[in-house]
Structure formats: C-alpha cells, structure tokens
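Trainee: I should like to go through this structure with you and test each term against its definition.

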Amino acid sequence: MIICDFCLLRSQEGACSIGLNIPKTMKCREFAPGIERFCAKPTDFVSPNQITDMARFFGLEKTELKKVKIIAERRVADESCKVS
C-alpha cells in the first residue's frame with residue numbers, strides 16, 4: 001500500500017497527475033485524500049473516527065492524517081446540511 005492509493009491526484013495509470021514521483025513512504029507534500037479512496041460505497045462511511053482509524057492503520061500520520069481528518073469531518077458537515 002502506498003499513500004497514492006488514498007490520493008485524488010493519482011491518475012488511472014497510477015502516476016501522479018501533477019508529476020510528482022511516487023513516494024516510498026506514507027508522506028507526500030501534495031497529498032489530497034478523498035473519502036471515496038477509503039470507502040468503496042458512500043454507505044460504508046460511518047463516522048470521521050472510522051476514517052481516521054483506517055488512515056492510522058495504513059500508516060498515515062502528522063500532516064497527512066490531519067488532511068484525512070478534515071475531509072472526514074467535512075463529509076459529516078455536508079451530510080448534516082442535506083438533512084436540515
């Protein structure tokens with residue numbers, strides 16, 4: 001597993017769409033996570049903690065983990081706006 005597996009910048013061919021080399025660690029300065037990279041189906045999303053725990057399990061930490069937390073919390077905020 002590489003960080004690119006969770007990034008929206010990864011192209012269909014598996015390369016970085018902005019031209020960066022594929023990192024050997026779970027760190028990337030341009031990491032752009034997407035919920036759909038963690039949950040195959042939108043209904044699989046349960047909570048931000050679920051996504052954060054998955055990210056930690058796969059070795060994401062520090063800045064990359066913060067970005068994952070932000071997108072997970074945004075997902076909850078988006079859902080609450082739809083319900084209101």
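Mentor: Let us start with the residue after helix 2 (helices being DSSP runs of H or I, at least four residues, numbered from the N terminus): G59 follows this helix and has a positive phi, near 100 degrees. The model is predicted, so local features need pLDDT of at least 70 and side-chain atom pairs pLDDT 80 or more, while totals for chains, interfaces and linings use all residues. Residues are numbered from 1 along each chain as its sequence is written, and side-chain values use heavy atoms, without hydrogens and water.

Trainee: What puts the buried residues of helix 2 on the same side?

Mentor: Buried means under 20% relative accessible area, exposed over 50%, and partly exposed in between, with a 1.4 Å probe and protein chains only. In helix 2, I51, T52 and A55 are buried. They share one side because their arc around the axis, taken from the directions from the helix axis to the C-beta atoms, is only 100 degrees. N49 and F57, on the other side of helix 2, are exposed.

Trainee: Why is E64 said to have no salt bridge?

Mentor: A salt bridge requires a side-chain nitrogen of Lys or Arg within 4 Å of a carboxyl oxygen of Asp or Glu. For E64, which is buried, the nearest side chain of opposite charge is K27, 5.5 Å away, and no salt bridge is present. Lys and Arg count as positive, Asp and Glu as negative; His and the chain ends are not counted. E64 lies in helix 3.

Trainee: Which residues does E64 touch?

Mentor: Contact means heavy atoms within 4.5 Å. Leaving out residues up to four places away in sequence, E64 touches I3, M26, K27, C28 and F31.

Key: Helix = DSSP H or I, 4+ residues; strand = E, 2+ residues; numbered from the N terminus.
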